[in-house]
Amino acid sequence: MIDVIVLGAGAGGGFPQWNSAAPGCVAARTRQGAKPRTQASLAVSADGEHWFILNASPDLRQQIIDTPALHHHGSLRGTPIQGVILSNGEIDAVTGLLTLREREPFTLMASDSTLEQLAANPIFGALDPAIVPRVPLILNEATSLLLRDGTPSGLLLTPFAVPGKAPLYAEAGGSKPDETLGLSITDGHQTVLFVPGCAHITPELVARAEKADLLFFDGTLWRDDEMIRAGLGQKTGQRMGHVSVNDAGGPMEAFASCSKPRKILIHINNSNPILMEDSPERRETERGGWTVGEDGMTFRLGTP
């Protein structure tokens, strides 16, 4: 069995973005035709009691408060969170680690590149490695996710590289092969794929998706020049390291033949029209077999 909770489905800045009066953000702020979303993160569990967090968004504190499954009961302090697994070192994937600095034991897992980026910033020293051990992920190697007492959780994690780029703050050092990861999590029967950032969909990624039961995939932009057209910025999706939902080679096209997994778009930018519930783009997305991710969605794969 695998339980999955969508803690956040938005991209960097969330929805609405704090400084935006664009139509979509106004709609989300007023709850008129669009639902707010915090920044992308999932929680996964094999037993509904012990949880692993995929990406620590800047909104993690509020996400925990809003998610009863992540609340501690019993002793004065504690947490059902056993570990945090990072798919990249982007600000919207790591900032929430600082929320977890209250000397609570958990395991932090990430690629060598991401761990190096964290080590280079002294603020992350607030997570004492003696309390929060940092475990490097090895590409394409299945690893048993362990509970804090060292016993197996019932989940296996396999990280794999996907096309991407270095975080903006680390671009001067160039991109490395393990800079952007997809995460495959299985209980031996059911498989969840988490790919919140991807610059290009490869045949290998499509092959993984065909075998998965639940796919969370990068839904940052609807089209590559979306932000430029909307007057919201000068960056394309490709410049940000994201393939766009409806462009040639995007997930709508590339995964069209993948009939097995339920397909969820996550890490959705506030400019993306699929966030508007009555938009033509939303209807086209749903006709294509995709669900637009929302905070609080829950999924259970298999039976206890």
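**Lys-165 and Glu-171.** I began with the side chains of Lys-165 and Glu-171, which form a salt bridge in this predicted model, with 2.9 Å from N to O. I then looked up how each partner is placed relative to the surface: Lys-165 counts as buried at 15% relative accessibility, because the cut-off for buried is under 20%, whereas Glu-171 is partly exposed, with a relative accessible area of 26%.

**A network of salt bridges.** I next asked which residues are joined into one network by salt bridges that share partners. I noted Lys-35, Arg-37, Arg-282, Glu-286 and Glu-294 as its members. The count for the structure comes to 12 salt bridges.

**Lys-35 and Glu-294.** Within that network I looked up the pair Lys-35 and Glu-294, whose closest N and O atoms are 3.1 Å apart in a salt bridge. I placed Lys-35 in the loop between helix 1 (23-30) and strand 2 (41-45), and Glu-294 in the loop between strand 13 (290-292) and strand 14 (298-301), so this pair ties together parts that are 259 residues apart in sequence. For accessibility I recorded Lys-35 as partly exposed at 39%, and Glu-294 as buried with a relative accessible area of 18%.

**Arg-37 and Glu-294.** I found that Glu-294 also meets the side chain of Arg-37 in a salt bridge, at 4.0 Å from N to O. Arg-37 lies in the loop between helix 1 and strand 2, so its pairing with Glu-294, in the loop between strand 13 and strand 14, ties together parts that are 257 residues apart in sequence. I recorded Arg-37 as buried, with a relative accessible area of 4%.

**Met-240.** I returned to Lys-165 by way of Met-240, a residue in helix 7 (residues 237-240). Leaving aside neighbours within four places in sequence, I listed the contacts of Met-240 as Lys-165, Leu-221, Met-227 and Lys-235. Is Met-240 buried or exposed, or partly exposed? I entered Met-240 as partly exposed, because its relative accessible area is 21% and buried means under 20%. I also took the C-alpha to C-alpha distance from Met-240 to Asp-224, which is 9.8 Å for two residues that are 16 apart in sequence.

**Glu-116.** I looked up Glu-116 in helix 4 (residues 112-119), and found that this residue counts as partly exposed at 46% relative accessibility. The C-alpha atoms of Glu-116 and Pro-136 are separated by 9.9 Å, with the two residues 20 apart along the chain.

**The cavity.** I then asked how many cavities of 30 Å³ or more the structure holds, and noted one. The largest cavity has a volume of about 40 Å³. I listed its lining as Leu-100, Arg-101, Arg-103 and Glu-104, together with Ala-126, Leu-127, Asp-128, Ile-131 and Val-132. Sorted by class, that lining has five nonpolar and four charged residues, and no polar ones.

**The annotated span.** Last, I checked the record: an unreviewed UniProt entry places the feature "domain: Metallo-beta-lactamase" at residues 50-268. In the model I found the end C-alpha atoms of residues 50-268 to lie 27 Å apart, and the span to be 18% helix and 23% strand.

Key:
Residues are numbered from 1 along each chain as its sequence is written. This is a predicted model: local features need pLDDT of at least 70, side-chain atom pairs count only at pLDDT 80 or more; totals for chains, interfaces and linings use all residues. Side-chain values use heavy atoms; hydrogens and water are left out. Helices (H or I, at least four residues) and strands (E, at least two) are DSSP runs, numbered from the N terminus. Buried means under 20% relative accessible area, exposed over 50%, partly exposed in between (1.4 Å probe, protein chains only). Contact means heavy atoms within 4.5 Å. UniProt positions are given in the numbering used here, feature names are shortened, and annotations may be inferred rather than shown by experiment. On a 1 Å grid over the protein atoms alone, a cavity is a set of points where a 1.4 Å probe fits but cannot get out, and a pocket is an open set with protein on both sides within 12 Å along at least five of seven lines; lining residues have an atom within 4 Å of a point. Grid points are joined across faces, edges and corners, and a volume is the space filled by probe spheres set on the points. Ala, Val, Leu, Ile, Met, Phe, Trp, Tyr, Cys and Pro count as nonpolar, Asp, Glu, Lys and Arg as charged, and the others, Gly among them, as polar.
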